[in-house]
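Trainee: I am new to this structure and would like to learn how to read its features one at a time. Could you take me through them slowly, giving the general idea before the case at hand?

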Amino acid sequence: MRTRLLAVLAVTTTGLMCAAAGPAMARPVALGSAMIHPDTGSAGGQNAPVAQTAPDQPTAPDQPAAAAAVSPSPTPTPTPSPTPTPTPTTPVPTPTGTPTFASNFSGKSLNTSIWATCYPWMDVPSGCTNFGNADEQEWYLPSQDQVSGGVLHLVAQPVATQGTNADGQPETYQCRSGMVTTLPSFSFEYGVVQVVARIPSTAGLWSGLWLLASDEIWPPEIDMFEQWGPPSPGLSETFHPDDYQAVSADPTTGNLATGWHTFTLQWTPTSLTWWIDGQEDLTTDLDIPAQEMYFLADLADYSMSSPKSCQGSLLIQSVKIWQAAGVTPAMSPSPTATPTPTPTATPTSTATPTPTVGSNVAPAVQPASAFTAVPTSTPPSAPASIPGQNN
């Protein structure tokens, strides 16, 4: 499973616990065996009739004894195969209200006021890569993030590109590609993420839709979706929690390289649940993050072994995030209220004073099912208005 590491931080990865795709459940088959009853007698046997002869008469030639009647074997009653009990699934959420964050990529270029084009710890005009993954062969460049026809294209090309290694020394990469993140403009805690995308399946490409912690400390990491093209094709949904081994599923889908497909993640205080095109694939209640995270999309390359490696585009039609109602963003805590001196009550007063709630008291977290979008405050470097942005 893909493990995104923060290159500038010394971290120890947790182990991986992969949910391997097993064979389909075999339908139970009732195996009936015909019961063969023993004969009740046979010619010359204990119960066989014997031909009688008259006294002093020539003995008649022996006659064959009549075969004893054999009781027919009863026809077994077939045991009906039990009907498998379907695994209960959670319907895909349908949030109401205006998304807290929405981008439909209108215009002719990426809106860099809300989208960054590199990891936040390495966001430089000359590009970046993820030094924490030794398999990655690409160097990300802003020029590979292209917008046209209401679609974001993260474009991978097999072009020699000058970058740097983990020590900051010059290094040439044989693949250039694109990535985007919502940090520093937007991050959130709890809610529903919905991405409409088309995933390439060409050689060497490694597509990802995922969430990372806004404090840039790994883990946690929530991989909404990853897909690898040949030579080791596969796809996965994975959660890397703080204190446990990774939880993962290998969903079965149709061809994600044709048409548009909807990837949905619901994150509540008690669970994480994944869907692809309305089909639930994975849910967990293990060590759910309680901190702000941000969204990333990237098109990496893990193998340059094929002449067709690093050729393709990850297309994204829209990204929408509905933050759970009643959650105060962790990145911009409410200021601590200045205590107001309580006036001394007069001797004749018997009324109990009503306590005043200070501005430092966060609103209560709503039930997990409450996903009505609400405006949220943003970090100082964020644009003045996040909701309703169109790139």
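Trainee: How many of the eight residues of strand β12 are buried?

Mentor: Bear in mind that this is a predicted model. A residue counts as buried when its relative accessible area is under 20%. In strand β12, which covers residues 221-228, eight of the eight residues meet that description, so the strand is largely enclosed by the rest of the structure.

Trainee: Which strands pair with β12?

Mentor: Strand β11 (residues 205-213) pairs with β12 in the antiparallel sense over seven bridges, and six bridges join β12 to strand β13 (residues 234-240), again antiparallel. I222 of β12 helps to trace both pairings, since L211 stands opposite I222, and I222 in turn stands opposite F239 in β13. Between β12 and β13, which form a hairpin, there are five residues.

Trainee: Now to strand β5: which of its residues are buried on one side, and which on the other?

Mentor: The general idea is that side chains in a regular strand alternate between the two faces of the sheet. In β5 (residues 151-156), V151, H153 and V155 are on one side, L152, L154 and A156 are on the other, and all of them are buried, leaving both faces covered. This agrees with the count for the strand, in which six of six residues are buried.

Trainee: What are the pairings of β5, and in which sense do the strands run?

Mentor: Strand β4 (residues 145-148) is joined to β5 by four bridges and runs antiparallel to it, with H153 of β5 as the bridge partner of Q146. Two residues separate the strands in the hairpin of β4 and β5, where G149 takes a positive phi near 60°. β5 also pairs with β19 in the antiparallel sense, over five bridges, and here the bridge partner of A156 is G312 in β19.

Trainee: Which residues touch the most other members of the largest nonpolar core?

Mentor: A nonpolar core is traced by joining buried nonpolar residues through their side-chain atoms. The largest one here has 47 residues, and those that touch the most other members are W115, V195, L209, F263, F295 and I316. Take F263 as an example: leaving aside neighbours within four places in sequence, its contacts include V193, V195, L209, M224, F225, W275 and I276. Another core, of 20 residues, lies apart from the largest one, and among its residues are C118, C128, Y173 and M179.

Trainee: How many disulfides are there, and which cysteines do they join?

Mentor: For a disulfide, one looks for two cysteine sulfur atoms within 2.5 Å, and by this rule the count comes to two. One joins C118 to C128, with an S to S distance of 2.3 Å, and at -105° about the S-S bond this link is left-handed. Both cysteines lie in the loop between β2 (101-103) and β3 (138-140), so the pair ties together parts that are ten residues apart in sequence. C118 and C128 are both buried.

The other disulfide joins C175 to C310, S to S 2.0 Å. It links distant parts of the chain, 135 residues apart, with C175 in strand β8 (residues 175-177) and C310 in the loop between β18 (293-301) and β19 (312-323). Its torsion about the S-S bond is about 75°, so this disulfide is right-handed. C175 counts as buried at 1% relative accessibility, and C310 is buried at 0%.

How values were computed
Residues numbered from 1 in each chain as written. Predicted model: local features only at pLDDT ≥ 70, side-chain atom pairs only at ≥ 80, totals over all residues. Heavy atoms only, no water. Buried < 20%, exposed > 50% of the residue type's maximum accessible area, 1.4 Å probe, protein only. Core = buried A, V, L, I, M, F, W, Y, C linked by side-chain atoms within 4.5 Å. Contact = heavy atoms within 4.5 Å. Pairing = 2+ DSSP bridges.
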